[in-house]
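Q: Hi! Could you walk me through the charged side chains in this one?

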Amino acid sequence: MFAVVRTGGKQYRVAAEQKITVDRLKGEVGETVQLGDILAIGEGGELKDVAGQVVSAEIVAQPKGDKVIVFKKKRRHGYRRRNGHRQLLTVLKITAIGKAAAKAPKAAKAEAAPAAEAAAEPAEKPAKKAPAKKAAPAKAAAKTDAE
């Protein structure tokens, strides 16, 4: 059985007991996460309905990717910039695909629907600060008798 899941803006074709490397997900090593954005599930050449299906995965590691060097240069202008970047990654081991996906006590929802995330946020917003009061204009210098 296989599934096509979307996480971190990318799509992955996964099967049970497979390890995949995805963009960083919240969670500790050893925790179980459920990938909620399932695009397709199938077995052999047949596709099944994805409603009510889940893909469970265990977090194996939270490493950093290889360093990528970003080098910018403009000829004849003395402009050179060198930067580096290491992407934060998560290594997942797919444990179960389908309705009978195992739920661990520490299960955390890795990829939830945007509407569910908006509903989970608290309704109260922090109070805005009152605008600062402007200083009173300086009084004109008093006229003296000399004028």
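A: Happy to. Lys10 forms a salt bridge with Asp23, and their closest N and O atoms are 3.0 Å apart. A salt bridge here is a side-chain nitrogen of Lys or Arg within 4 Å of a carboxyl oxygen of Asp or Glu. This pair links distant parts of the chain, with Lys10 in strand E2 (residues 10-15) and Asp23 in strand E3 (residues 19-23), 13 residues apart. Strands (E, at least two residues) are DSSP runs, numbered from the N terminus.

Q: What kind of model is this, by the way?

A: This is a predicted model, where local features need pLDDT of at least 70 and side-chain atom pairs count only at pLDDT 80 or more, while totals for chains, interfaces and linings use all residues. Residues are numbered from 1 along each chain as its sequence is written, and side-chain values use heavy atoms, with hydrogens and water left out.

Q: Thanks. Is Lys10 buried or exposed?

A: In between: Lys10 counts as partly exposed because its relative accessibility is 39%. Buried means under 20% relative accessible area, exposed over 50%, and partly exposed in between (1.4 Å probe, protein chains only).

Q: How many salt bridges are there by this rule?

A: The count comes to four. One of them joins Arg6 and Asp37, with 2.8 Å between the closest N and O atoms. Arg6 lies in strand E1 (residues 2-7) and Asp37 in the loop between strand E4 (32-35) and strand E5 (38-43), so the pair ties together parts that are 31 residues apart in sequence. Arg6 is partly exposed at 34%, and Asp37 is partly exposed at 30%.

Q: And which residue does Glu43 meet?

A: Glu43 meets Lys48 in a salt bridge, at 3.6 Å from N to O. Glu43 is partly exposed at 45%, and Lys48 is partly exposed at 39%.

Q: Switching topic: how do E8 and E9 run?

A: Antiparallel, with nine bridges joining E8 to E9; strands pair if DSSP finds at least two bridges between them. Lys73 has Arg80 in E9 as its bridge partner. E8 and E9 form a hairpin with four residues between them, and Arg76 in the turn has a positive phi of about 60°.

Q: Which residues form the positive surface patch?

A: Arg24, Lys64, Lys67, Arg82 and Arg86. Patch residues have over 30% relative accessible area and no salt bridge, with like charges joined within 9 Å. Strand E8 (64-74) and strand E9 (79-98) each give two or more residues to the patch. Lys67 sits in strand E8 and counts as exposed because its relative accessibility is 56%.

Terms used:
Patch = residues over 30% accessible without salt bridge, like charges linked within 9 Å, V, L, I, M, F, W, Y side chains within 5 Å. Areas by Shrake-Rupley, 256 points an atom, 1.4 Å probe, with all protein chains shown as cover. Lys, Arg positive; Asp, Glu negative; His and termini not counted. Charge placed at Lys NZ, Arg CZ, Asp CG, Glu CD.
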